[in-house]
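Colleague: I have the picture open and would like to understand the labels on it. Could you walk me through the reasoning?

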Amino acid sequence: MFQDIGEMLLLFVRTMRALPYLWVERRKVFDQLFEIGNASLLMACILSLFIGGVLALQTGPVMVERGLANFIGGIVGLSMCKELGPVMMSVLIAGRIGSAMAAEIGSMAVYQEIDALRTMNISPIRYLVLPRLVAISCALPMLVIFAILVGWIGGAMVCAFNKDIAITFSTYFNNLRDVVEFKDIINGMVKSMVFAGVIGVVSCHQGLQTIGGPRGIGRSVTKAVVNSIVVILLLDYFLTHLLFEIQK
Amino acid sequence: MSDATTARQSVQVQIRGLCKKFYDAEVLHGVDLNIEAGEIFVIMGPSGSGKSVLLKHIIGLEKPDKGEILIEGEPIQGEGVLEKYRLAMVFQSGALFNSLSVGDNVGLYLREHQLKSEEEIERIVAEKLELVGLKDAEDRSKMPSELSGGMKKRVALARALAMDPQLILYDEPTSELDPVISVTIGEEILNLQKRVHVTSIVVTHDRDLAFGIADHMALIHDGRIVFAGTPAQLRAQKDPAIQEFLKAEMKLKNPKETL
């Protein structure tokens with residue numbers, strides 16, 4: 001495990017060192033951005049609409065019972081911004097894009113394509129890892145903004161149409177506007193950027209480490225997704241703590 | 001050495017006491033070889049004797065446990081050596097990039113290193129593909145999954161040629177190919193040596209190809225070089241193991257038909 005962590009840190013440092021070549025690899029970055037956005041936007045919107053809705057559904061009746069119905073907007077708004085938006089989107093992207101990254105790079109490793117790159121003196125880090133890491137680090141925060149907005153709307157719809165809650169859109173959004181600050185959205189963006197880096201590095205590392213045949217590729221994909229999610233959830237606690245301290 | 005001075009200049013390769021172990025299995029036991037600039041050097045040997053591992057060491061894909069590989073007297077693992085000399089390899093499987101078209105595969109080296117303009121790259125890609133018998137423009141837009149085994153190998157050769165290499169390594173260049181294409185590949189290896197004087201190292205089982213193209217040959221067995229010399233010297237060897245390898249034929253006890 002410690003060897004893997006060391007290798008992943010090294011991979012991250014080497015990828016950062018390859019940043020001056022970003023302009024050369026810009027086409028691949030755009031391809032990856034399109035792949036991540038196109039493959040995930042609809043799913044992200046559906047997922048966050050329901051997360052916002054569930055959040056309102058779970059908290060709404062309890063708050064109404066205690067005469068706090070006007071505060072539901074703030075609770076849903078803040079939860080989506082600071083926690084559920086970044087974490088749930090990162091888990092979704094780890095499953096959809098992290099797995100694809102590990103599978104593609106893993107199959108290139110198994111079928112000697114990475115060896116072929118090396119013989120051409122083309123760094124696999126520059127050619128494969130850099131565009132993916134940059135693309136996911138740009139795409140995930142953007143997806144999170146979508147997710148937050150759609151989650152808010154999901155919560156508002158449940159509040160308006162559920163007879164046990166029954167608060168108006170304006171009450172919901174007025175409270176949301178009072179409670180949620182711009183720094184809360186930045187908080188979610190910072191988290192999602194860190195999680196994007198985790199997904200990119202873990203998935204590319206697993207892909208590059210792939211040995212054996214199709215079974216090896218399958219193993220790498222599973223490890224990439226599981227390890228990414230575990231690291232995201234662990235880091236989430238420490239990041240929340242850190243950002244909380246910074247924002248004090 | 002600048003690009004201008006290294007252009008079309010073949011390189012000398014020296015292998016000194018090369019040892020390699022994978023876990024408990026010792027694959028190479030102190031291999032020593034000298035490959036002169038501009039020659040075609042063929043390495044033969046039975047399956048599992050360490051030929052491909054040796055080839056991977058020569059191009060820097062594997063690090064030796066002991067010993068060294070010198071390109072023009074400089075250790076291959078040394079700083080900047082792989083940037084200084086243009087080394088190319090034609091993999092046994094072709095190792096084409098499955099997500100790129102044939103044309104993009106062949107032009108990848110030039111594009112990634114930004115060595116030529118886009119028009120020039122297109123011209124070089126067409127020229128190299130024509131050299132290996134793929135003249136049609138529509139071949140360039142095909143994906144590797146649409147190609148036969150033989151075509152993949154020819155594209156891999158074109159990709160190596162696009163690098164204008166000083167040393168080219170071939171891993172079983174005629175395996176999976178029909179006899180007619182095998183002859184074409186053999187002739188292309190010879191033509192390349194005549195035209196650009198490139199140093200070629202060929203690993204093969206194909207005795208006809210080996211004796212047809214080699215300036216010097218080596219026979220490897222269980223990770224040890226058991227012979228190194230000219231094809232004529234190899235033929236003259238009395239060692240029964242060598243003779244058995246050279247003269248083995250497909251003779252079944254009860255063949256259904258004979259040619």
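Modeller: Gladly! Chain A exposes about 12200 Å², and carbon and sulfur atoms supply 69% of that area. Please keep in mind that this is a predicted model.

Colleague: Thanks. What makes up chain A, in helices and strands?

Modeller: Chain A has 8 helices and 0 strands. Its C-alpha atoms fill a box of roughly 70 × 35 × 35 Å along the principal axes. Of its 248 residues, 46% count as buried.

Colleague: Which residues form the nonpolar patch on the surface?

Modeller: The members are A:Ile153, A:Met157, A:Phe161, A:Phe169 and A:Phe173, with about 480 Å² of accessible area together. Helix 5 (124-161) and helix 6 (169-179) of chain A each give two or more residues to the patch. Helix 5 of chain A gives the most, with 3 residues.

Colleague: Why is A:Met157 called partly exposed?

Modeller: A:Met157, in helix 5 of chain A, has a relative accessibility of 35%. Partly exposed covers the values between 20% and 50%, so A:Met157 gets that label. A patch member also needs over 30% relative accessible area, and the 35% of A:Met157 meets that cut-off.

Colleague: How do you know that A:Arg126 and B:Glu112 meet in a salt bridge?

Modeller: Their side chains come to 3.2 Å, N to O. The cut-off is within 4 Å, so the pair qualifies. This pair crosses between chains, from helix 5 of chain A to helix 4 (residues 102-112) of chain B.

Colleague: Are those two residues buried or exposed?

Modeller: Buried means under 20% relative accessible area. A:Arg126 has 12%, so A:Arg126 is buried. B:Glu112 has 9%, so B:Glu112 is buried as well. The two are also linked with A:Glu25 and A:Lys28 in a network of salt bridges.

Colleague: And how many salt bridges are there over all chains?

Modeller: A search of the whole structure finds 20. One of them joins B:Glu122 and B:Arg111, at 3.1 Å, N to O. B:Glu122 lies in helix 5 of chain B and B:Arg111 in helix 4 of chain B, so the pair ties together parts that are 11 residues apart in sequence. B:Glu122 has 36% relative accessibility and counts as partly exposed; B:Arg111, at 23%, is partly exposed too.

Colleague: What makes B:Arg123 and B:Glu127 a salt bridge, and where do they lie?

Modeller: The distance is 2.9 Å, N to O, and the limit is 4 Å, so the pair counts. Both residues lie in helix 5 of chain B, 4 residues apart, about one turn of the helix. B:Arg123 has 42% relative accessibility and is partly exposed, and B:Glu127 is partly exposed with 35%.

Colleague: Why is B:Lys128 called buried?

Modeller: B:Lys128 sits in helix 5 (residues 118-131) of chain B. Its relative accessibility is 13%, and the label needs under 20%, so B:Lys128 counts as buried. Leaving aside neighbours within four places in sequence, B:Lys128 is in contact with B:Val106, B:Ala158, B:Leu161 and B:Ala162.

Colleague: Last one: why is B:Ala25 called partly exposed?

Modeller: B:Ala25 belongs to strand 2 (residues 25-35) of chain B. Its relative accessible area is 43%, and exposed would need over 50% while buried would need under 20%, so B:Ala25 is partly exposed.

Definitions and conventions: Residues numbered from 1 in each chain as written. Chains lettered and ligands numbered in written order. Predicted model: local features only at pLDDT ≥ 70, side-chain atom pairs only at ≥ 80, totals over all residues. Heavy atoms only, no water. Patch = residues over 30% accessible without salt bridge, like charges linked within 9 Å, V, L, I, M, F, W, Y side chains within 5 Å. Areas by Shrake-Rupley, 256 points an atom, 1.4 Å probe, with all protein chains shown as cover. Buried < 20%, exposed > 50% of the residue type's maximum accessible area, 1.4 Å probe, protein only. Contact = heavy atoms within 4.5 Å.
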